[in-house]
Amino acid sequence: MTVPRIWRKIPQYYNLIGKKCQKCNSLYFPPRDVCTHCGEINLQNYKLEGNGEIITFTVIRTPMPDPEGEIIDIPGRQIPYIIAIIKLDQGPCLTSEIVDCSPGEVKIGKKVKSVFRKIVEKGPRGVIQYGCKFKLI
Amino acid sequence: MTVGIVSWGAYVPVYRIKVEEIAKIWGADPAAIEAGLGIKEKSVPAIDEDSVTIAVEASRNAMKRSSVDPMEIGAVYFGSESHPYAVKPTGTIVAEAIQAGPNYTTVDMEFACKAGTAAIQICMGLVKSGMINYGLAGGVDTAQGAPGDALEYSAAAGGAVFIIGKKNIVAKINHTLSFTSDTPDFWRREHQHYPSHGGGFTGEPAYFNHIISATKRMMKILGTSPKDYDFAVFHQPNGKFPSRASKKLGFTEEQIKPGFLVDKIGNTYSGSSMLGLAAVLDIAKPAQRVLVTSYGSGAGSDCFDITITDNINEIRKKVPPVNDYIKDKKYLDYAEYSKFTKHYLLH
């Protein structure tokens, strides 16, 4: 991800800032400009709480190589790591990593809460991308 | 004007490695190392944790505990020996993560293990002068210790953050002072991964001289003695130094025990005395008095005389205490620890 794109996504990565439709109250994460339920374009920023439940998950044992040929310390050094689809208590679903546990500890339906971690760290020179991941409660 | 701590937050990573496990790798006697250092195990940051992520977690705990509007925070100062960037501040990432700003000032601070307490002093000055309403002062580290070096047994990870202000104070800072000299007992040169140290030289002319001189000067100025304090916290590079310093000063084991964490989590460097103070605030009662003396190699000590106020009971239980973080742990073996702490490169 380019530096300007990382910068633009800081609110959603750091604080789970999504969007709320001002007409039908639908919540969206990641944020979007138009409500898919009612077509409204007046959507305001909305901070989602970091609690949710695991809907499904997979264990990554071979991370994707970096297209630019850089060594990806994170998540590369974390293998095996767990990627899950999480349904937040307020409704929206998102894809994120489950941390501080082994693959055997993760089960569908387990409750999770958000934590602040490094998302991507490429080599010793690149910018570090931070944001929310999740851990088991 | 009264200035003090408005709120506090702490964070310690979940991973631990036992001193015994490290000693086994280097053919050392685990019992002798444990007895010599007074440390049984230390905290280890997860692969995706660094001083910034620790600072954010501790800051979010401090914000949850308080009713401070993040937009009212006018200064963000973090002391650390392990800021992830050489150029780009830790404070900007933390402020964004707690939704503070953009009307705040920040700079990264470094003075070995005492930069966090120096951050408190700077925030006190800014609040007293009327330049800011609230300042965020933190000490955080993912401490470095070279494989096989004595520091490897103690260098740990964690941190604590204090919101400094003049309204709704939970702990009044009655007085602060520093004792500083050019004493090269421990250092890390630019571009070096691990610090170097003067071995036994880190003791008498360094740690003990600064801790004891700062603390004695504080008690002389205020006309107090050890019996006037309910708690005392001294920087904890290992289990032996703070115990010996407190005995020399006349403090009892009961006074230092609540803030004594090094035997369970190791030396969290800039986080050390700050986490000790946070653990004391977790249990202290109104009107109780606390003495805190930090130590940073190079070398200096900051000393604080603090009185707990009635407000503390209202906010204490809003977030988990330091002890919950200490009890929540997962052990690593040395191979996993090497992977976590980047002892080897990825291909």
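The following questions and answers walk through chains A and B of a predicted model.

User: Which pattern of helices and strands does chain A follow along the sequence?
Analyst: Chain A contains two helices and nine strands, and its C-alpha trace spans about 45 × 35 × 20 Å along the principal axes. Written in sequence order, these elements give the pattern α-α-β-β-β-β-β-β-β-β-β.

User: How far apart do the C-alpha centres of domain 1 and domain 2 of chain A lie?
Analyst: The domain assignment divides chain A into domain 1, residues 1-48, and domain 2, residues 49-137. The contact between them takes 12 residues from domain 1 of chain A and 16 residues from domain 2 of chain A. Taken from centre to centre on the C-alpha atoms, the two domains lie apart by 20 Å.

User: What percentage of the residues in chain A is buried?
Analyst: A residue counts as buried when its relative accessible area is under 20%. Chain A has 137 residues, and the buried share of them is 43%.

User: What share of the area that chain A exposes is supplied by carbon and sulfur atoms?
Analyst: The area that chain A exposes comes to about 7400 Å². Of this area, the share that carbon and sulfur atoms supply is 54%.

User: In strand 6 of chain A, which residue is the bridge partner of Thr56(A)?
Analyst: Strand 4 of chain A covers residues 51-60 and strand 6 of chain A covers residues 81-88, and these two strands run antiparallel, joined by eight bridges. Within this pairing, the partner that Thr56(A) has in strand 6 of chain A is Ile85(A).

User: Which residue takes a positive phi in the hairpin of strand 6 and strand 7 of chain A?
Analyst: Strand 6 of chain A is also joined by six bridges to strand 7 of chain A, residues 93-99, and the two run antiparallel; in this pairing, Ala84(A) has Ser96(A) in strand 7 as its bridge partner. Four residues lie between the strands of this hairpin, and the residue that takes a positive phi, near 125 degrees, is Gly91(A).

User: Is Leu94(A) buried or exposed?
Analyst: Leu94(A) has its place in strand 7 of chain A. Leaving aside neighbours within four places in sequence, Leu94(A) is in contact with several residues, among them Leu16(A), Phe29(A), Ile86(A) and Phe134(A). The relative accessibility of Leu94(A) is 8%, and because the limit is under 20%, Leu94(A) counts as buried.

User: Which strands of chain B are the edge strands of the open sheet with the order 3-2-14?
Analyst: This sheet is formed by three strands of chain B, and its pairing is mixed. Strand 2, residues 15-18, pairs with strand 3 of chain B in the antiparallel sense over four bridges, and one bridge there sets Ile17(B) opposite its partner Lys42(B). The strands that pair on one side only, and are the edge strands, are strand 3 (41-44) and strand 14 (330-331) of chain B.

User: What type of aromatic pair do Phe186(B) and Tyr269(B) form?
Analyst: The search of the whole structure finds 13 aromatic pairs over all chains. In this one the ring centres are 6.0 Å apart and the planes make an angle of 75 degrees, and the pair links distant parts of the chain, with Phe186(B) in strand 9 and Tyr269(B) in the loop between helix 9 and helix 10 of chain B, 83 residues apart. Phe186(B) is buried at a relative accessible area of 14%, as is Tyr269(B) at 1%. Because planes over 60 degrees apart count as edge-to-face, this pair is edge-to-face.

User: What type of aromatic pair do Tyr334(B) and Tyr337(B) form?
Analyst: Both residues lie in helix 13 of chain B, three residues apart, which is about one turn of the helix. Tyr334(B) is buried at 8% relative accessibility, and Tyr337(B) is buried at 4%. With 5.4 Å between the ring centres and 55 degrees between the planes, the pair is tilted.

User: Over which ring does the charged end of Arg65(B) sit?
Analyst: Chain B has a charged end over a ring at Lys18(B), which sits 4.7 Å from the centre of the ring of Tyr331(B). For Arg65(B), the distance to the ring centre is 4.0 Å, and the ring is that of Trp8(B).

Notes: Residues are numbered from 1 along each chain as its sequence is written. Chains are lettered from A and ligands numbered from 1 in the order in which they are written. This is a predicted model: local features need pLDDT of at least 70, side-chain atom pairs count only at pLDDT 80 or more; totals for chains, interfaces and linings use all residues. Side-chain values use heavy atoms; hydrogens and water are left out. Two strands pair if DSSP finds at least two bridges between them. Rings of Phe, Tyr and Trp (its six-membered ring) pair if their centres lie within 6.5 Å; planes under 30 degrees apart count as stacked, over 60 as edge-to-face and the rest as tilted. Buried means under 20% relative accessible area, exposed over 50%, partly exposed in between (1.4 Å probe, protein chains only). A charge sits over a ring if NZ of Lys or CZ of Arg is within 6 Å of the ring centre and within 35 degrees of the ring normal. Accessible areas come from the Shrake-Rupley method with a 1.4 Å probe; for residues, only the protein chains shown count as cover. Domain bounds come from an automatic or database domain assignment. Contact means heavy atoms within 4.5 Å.
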